[in-house]
Amino acid sequence: MIFNKDTAKKTAEVLLQINAIKLSPQEPFTWASGWKSPIYCDNRITLSFPMIRNYIRETMAKQIEKEYGKPDVIAGVATGAIGIGILVAEYMGLPFIYVRPEPKGHGRQNQIEGFVQDGQNVVVVEDLISTGKSSLNAVRALREANLNVKGMIAIFTYGFDIAAKNFEKENVFLQTLGNYDSLLEQALETKYISEKELKTLSEWNTNPSEWSAL
């Protein structure tokens, strides 16, 4: 898992600027996994801000070419990364596909939407990495379709140990524009959070599955 420090700082700055990051230490959010969290990140908000979405698509495109070369196809993970994935594919002049969490229950029962051919090189675009489960589910679907997954790029990662282990186990190379430590540094520097909130957010990130606001 790699990231560029300057890019991570800039990404944290823009996400905080548009309130894509929300904090609620006293009344934590509940994730789909059941985990309680004092922080919630909704990167889909970036699509509503042209300058910021352009920054993300161009930065992603440049990092993709630098780390993976130019793939044959860009794949977005449904639903959160469809929008940004299309923007990246358009910027790079590449075809776009997206991957559902599971095959449709009707019609052609596709899990992968779009045109693909055996052996094509694919880079997967994701908006957010928590445990990595849903992201890696998409990778498995692409591999089962005989596509060569070069790697994945995401806007932001919480940096959980379990995610690093999951990506290593599946042999998937991940790079991200932003990460949790850079976010906290930027939030504290801009007084978006207090020292007390920084402590809460740091404690949560160390053991998110067991964390409680009480």
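A cavity, for this talk, is a set of grid points where a 1.4 Å probe fits but cannot get out. Keep that in mind, since the structure above is a predicted model and I will go through its enclosed spaces, then its open ones.

Rolling a probe the size of a water molecule over the atoms shows where empty space is left. How many cavities of 30 Å³ or more does the count give? There are 2. The largest cavity holds about 40 Å³ of space. Around this space you find Asn43, Arg44, Thr46, Leu47, Gly80, Ile84, Asp127 and Ile155. Sorted by class, the lining of the largest cavity has 3 nonpolar, 3 polar and 2 charged residues.

Next, the second largest cavity, with about 30 Å³ of space. Its lining includes Leu16, Ile21, Leu23, Ile39 and Tyr192. Which classes of residue make up this lining? The lining of the second largest cavity has 10 nonpolar residues, with no polar and no charged ones. Two elements, β1 (21-23) and α6 (180-189), supply at least two residues each. The largest share of that lining comes from α6, which gives 3 residues.

Now to the pockets, which are open. The largest pocket has a volume of about 760 Å³. It is lined by 31 residues, and those closest to its centre are Ala32, Asp127, Leu128, Ser130 and Ser134. You have met Asp127 already, in the lining of the largest cavity. Which elements supply at least two residues each to the lining of the largest pocket? They are β4 (39-41), β8 and α4. Of these, α4 gives the most, with 5 residues. The class count for the lining of the largest pocket is 14 nonpolar, 11 polar and 6 charged.

Let me stop at Ser130. An unreviewed UniProt entry places the feature "binding site" at this residue. Where does Ser130 sit in the chain? Find the loop between β8 (121-129) and α4 (133-144), and Ser130 is there. Is Ser130 buried or exposed? Neither word fits: buried means under 20% relative accessible area and exposed means over 50%, so at 23% relative accessibility Ser130 counts as partly exposed. Leaving out residues up to four places away in sequence, Ser130 touches Trp31, Tyr158, Phe160 and Ala163.

One of those contacts, Phe160, also appears in the lining of the second largest pocket. That pocket has a volume of about 170 Å³. Among the other residues that line the second largest pocket are Trp35, Gly159, Asp161, Asn205 and Pro208. Two elements, α5 (161-169) and α7 (195-206), give two or more residues to the lining of the second largest pocket. By class, this lining has 4 nonpolar, 5 polar and 1 charged residues.

Last, the sheet. An open sheet of 6 strands runs in the order β7-β6-β5-β8-β9-β10, and its pairing is mixed. Why do β7 (112-113) and β10 (174-179) each have one side without a neighbour in the sheet? These two stand at the edges and have a single partner strand each, so one side of each is left free of neighbours in the sheet. Further in, β5 (residues 73-77) and β8 run parallel and are joined by 4 bridges. If you want a place to look, Val73 stands opposite Val122 in β8. And β8 is the strand just before the loop that holds Ser130.

How values were computed. Residues numbered from 1 in each chain as written. Predicted model: local features only at pLDDT ≥ 70, side-chain atom pairs only at ≥ 80, totals over all residues. Heavy atoms only, no water. UniProt positions renumbered as here; feature names shortened; annotations may be inferred. Buried < 20%, exposed > 50% of the residue type's maximum accessible area, 1.4 Å probe, protein only. Contact = heavy atoms within 4.5 Å. 1 Å grid on protein atoms, 1.4 Å probe; cavity = no way out; pocket = protein on both sides within 12 Å on 5 of 7 lines; lining within 4 Å. Points joined across faces, edges and corners; volume = space filled by probe spheres on them. Nonpolar A, V, L, I, M, F, W, Y, C, P; charged D, E, K, R; others polar. Pairing = 2+ DSSP bridges.
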